Amino acid sequence: MTAVILANGEFPRREYPLWLLKNADVVVCCDSALNVRRLRRLGVEPAAVVGDLDSISDAERKSLGDKAVKVEEQDYNDLNKAFLWLRENCPEATEIHILGAAGRSEAHALGNLSYLMFWESRYGLSSAGINVDMVSDYNTAFAISDSCELHVGEGRKVSLFSSDATLRIKSAGLEWPTDDVKFDYWFRATLNRAVNDVISLQFSHPAPALIILD
């Protein structure tokens, strides 16, 4: 099953993210009356609208019925709430695409991207065969936690980040090898470039890492 979570950043305009949105088996929307209206204009009905529901009028909430899922805790944002709702209610979803996670607010974008590493660390998604990515009009981001080969395409820009400063990643197929990179700041391994269709990343130990492909 393929699922889409629509967050409250920049609504997609380009063909690929819109195709993901229109062809998903299930769509979950973060708390946003505007995004619900946008989805319905595309002929897409959300399976759930998740959050504290402070942006949805009483009339709109009534029209959603049981699809309006109120979660009042404030330790995590609406994207995490929607992700947990999806995992609980649609455990068969093995392809999860997150749209609208960036744009409009750099703080929200950074926070949302960090959730990819958080979920990978907490739930071991990639080893369980569950693929989660964030797709925008500009790039695709996802997290891994161990050595792997990635089919990215020659010439594609590749950026690597990690929240573990002790992690070392030996690479093959990148223009600038990352073997000696210390991931203590997020700028350390940005905007590298693939010189082969396939790149290889060898982790010194299992740890969450964020990959962004332009």
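Buried, as used in these legends, means under 20% relative accessible area, and the structure shown is a predicted model.

**View 1. Asn-192 and its surroundings in strand E11**. Asn-192 lies in strand E11, which covers residues 189–193, and because its relative accessibility is 4%, Asn-192 counts as buried. A polar atom of the Asn-192 side chain lies 2.6 Å from the backbone oxygen of Trp-176, and the side chain of Asn-192 also reaches the backbone nitrogen of Glu-175, at 3.4 Å. When residues up to four places away in sequence are left aside, the residues that Asn-192 touches are Arg-156, Lys-157, Val-158, Leu-174, Glu-175, Trp-176 and Thr-178.

**View 2. Helix H1 and the elements that cover its buried residues**. In helix H1 (residues 15–23), the buried residues are Pro-17, Leu-18, Leu-20 and Leu-21; seen down the axis of H1, these fall within an arc of 155 degrees, and they therefore line one face of the helix. The cover over the buried residues of H1 includes strands E1 (2–6), E2 (26–30), E5 (95–99) and E6 (131–135), together with helix H2 (33–41).

**View 3. Helix H4, from its start at Asp-78 to its buried residues**. The 12 residues of helix H4 (residues 78–89) should span 16 Å at 1.5 Å a residue, and the end C-alpha atoms are 16 Å apart, so the two values agree. At the start of H4, the backbone nitrogen of Leu-79 has a side-chain oxygen of Asn-77 within 3.1 Å. The buried residues of H4 are Asp-78, Leu-79, Asn-80, Lys-81, Ala-82, Phe-83, Trp-85 and Leu-86.

**View 4. Ile-5 in the largest nonpolar core**. This core has 33 residues, of which Ile-5, Leu-86, Leu-116, Trp-119 and Val-132 touch the most other members. Apart from residues up to four places away in sequence, Ile-5 touches Val-28, Cys-30, Leu-79, Ala-82, Phe-83, Leu-86, Ile-96, His-97, Ile-98 and Leu-99.

**View 5. Strand E12 with its partners E8 and E10**. The side chains of strand E12 (residues 198–203) alternate: those of Ile-199, Leu-201 and Phe-203 point to one face and are buried, whereas those of Val-198, Ser-200 and Gln-202 point to the other and are not. Strand E8 (residues 148–151) runs antiparallel to E12 and is joined to E12 by 4 bridges, with Ile-199 in E12 as the bridge partner of Leu-150. Strand E10 (residues 169–172) is likewise antiparallel to E12 and joined to E12 by 4 bridges, and here Ser-200 in E12 is the bridge partner of Ala-172.

Methods
Residues numbered from 1 in each chain as written. Predicted model: local features only at pLDDT ≥ 70, side-chain atom pairs only at ≥ 80, totals over all residues. Heavy atoms only, no water. Helix = DSSP H or I, 4+ residues; strand = E, 2+ residues; numbered from the N terminus. Buried < 20%, exposed > 50% of the residue type's maximum accessible area, 1.4 Å probe, protein only. Polar contact = N/O pair within 3.5 Å; in protein donor to acceptor, adjacent residues only side chain to side chain. Contact = heavy atoms within 4.5 Å. Expected span 1.5 Å × (residues − 1). Arc of directions from axis to C-beta. Core = buried A, V, L, I, M, F, W, Y, C linked by side-chain atoms within 4.5 Å. Pairing = 2+ DSSP bridges.
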